[in-house]
Amino acid sequence: MISAEWLKLRTVRSTYAFLAAAVAAGLLGMLILFLLIGSYDQASAADRANFETADITVVVMPFVTFFLAAIGALSITGEFATGTIGPSLLAVPNRRDLLGAKAAVAMTAGFGAGLLIAAASTAGAMALLGARPAPLNPWPHWTDAVPAVLSAALVVLVTCAVAVGLGTVLRSTATTLVTLGGLVLVAPVFAHFLPTVWHLRFASVLLPNLTPQLAGADHPYLLSPGGAAAVAAGYLVLALGAAMISLQRRDAF
């Protein structure tokens, strides 16, 4: 089952389109950072103290996460759209096993690609930043970036599972991608318009904002690394649990 799902993922053109989009997001982040460093170098000492951190995972990874999770979403919605879910269920009558295989492949692919892009983007950011100090440079030593990179990849993994769950429940590619975009890209922006106390409570449990909390980095959110891990686990259980109930209780077509 796992090998069959890997074969499906590798032979669908949308997989490479979304991978290319994720890489492009990383490159765009490098361009933005380059421009930010140019502004920093021209700023006064007082203004430099007020610059935001150049942690690339904050700017780039939400978009990378969306594109990589979209691959997981299409792995199930594509089969509902084309009707190939029927042959898949004939080949694997146990629906739990089928969903597990799809989720495992999506999560593994997302984690691997997310880790590579996060690591490459962070390494590029460190090369551009050079010896510039905090607050612009959040990594005094390269080892300080490791927790953020690993946490970003873990958030991609969890989001891929959420995408598979949404795709299984919603069964529509367009609806699933819109919902996924709302969770990953729109909700964090919306949170900033809430009153401060509600902003922090809401923002702290959003998927993109789990990265700095898992890493134990300096951040304004409310969760400890253990609390962030529990929220991430909750996303996994809720998404895949709802997907399993939907797949078991509804007709395939």
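A residue counts as partly exposed when its relative accessible area lies between the buried limit of under 20% and the exposed limit of over 50%. Keep that in mind for this tour of a predicted model.

**Stop 1: Phe-190 and Phe-202.** Select Phe-190, which has a relative accessible area of 46% and is therefore partly exposed. Now add Phe-202, also partly exposed, at 31%. Their ring centres are 6.2 Å apart and the planes meet at 90°, so this is an edge-to-face pair. Colour the helices and you will see that the pair links distant parts of the chain: Phe-190 belongs to helix H9 (residues 173-191) and Phe-202 to helix H10 (residues 196-203), with their positions 12 residues apart in the numbering.

**Stop 2: Arg-201 and Trp-198.** Next, show the side chains of Arg-201 and Trp-198. What sits over the ring of Trp-198? It is the charged end of Arg-201, 5.2 Å from the ring centre.

**Stop 3: Phe-66 and Phe-67.** A search of the whole structure turns up two aromatic pairs. Besides the one at the first stop, look at Phe-66 with Phe-67: this pair is edge-to-face, with 5.5 Å from centre to centre and 65° between the planes. Is Phe-66 buried or exposed? Its relative accessibility is 14%, so Phe-66 counts as buried.

**Stop 4: the nonpolar cores.** Now select Leu-33, Val-64, Leu-68, Leu-129, Leu-136, Leu-180 and Leu-210. These have the most contacts inside the largest nonpolar core, which has 65 residues. Several helices each supply at least two residues of this core, among them H2 (13-42), H5 (61-82), H7 (95-129) and H12 (225-249). Which helix gives the most to this core? That is H8, with 12 residues.

A second core, separate from this one, has five residues, including Ala-187, Ala-191, Ala-203 and Tyr-221.

Zoom in on Leu-136 to see its surroundings. Leaving aside residues up to four places away in sequence, Leu-136 touches Leu-36, Ile-37, Tyr-40, Phe-51, Glu-52, Thr-53, Ala-54 and Leu-129.

**Stop 5: Arg-171.** Finish in the loop between H8 and H9, where you will find Arg-171. Most residues other than glycine have a negative phi. Arg-171 is not a glycine, yet its phi is positive, at about 65°. Switch on a surface, too: with a relative accessible area of 15%, Arg-171 is buried, because buried means under 20%.

Note on methods. Residues are numbered from 1 along each chain as its sequence is written. This is a predicted model: local features need pLDDT of at least 70, side-chain atom pairs count only at pLDDT 80 or more; totals for chains, interfaces and linings use all residues. Side-chain values use heavy atoms; hydrogens and water are left out. Rings of Phe, Tyr and Trp (its six-membered ring) pair if their centres lie within 6.5 Å; planes under 30 degrees apart count as stacked, over 60 as edge-to-face and the rest as tilted. Buried means under 20% relative accessible area, exposed over 50%, partly exposed in between (1.4 Å probe, protein chains only). Helices (H or I, at least four residues) and strands (E, at least two) are DSSP runs, numbered from the N terminus. A charge sits over a ring if NZ of Lys or CZ of Arg is within 6 Å of the ring centre and within 35 degrees of the ring normal. A nonpolar core is a set of buried Ala, Val, Leu, Ile, Met, Phe, Trp, Tyr and Cys residues joined through side-chain atoms within 4.5 Å. Contact means heavy atoms within 4.5 Å.
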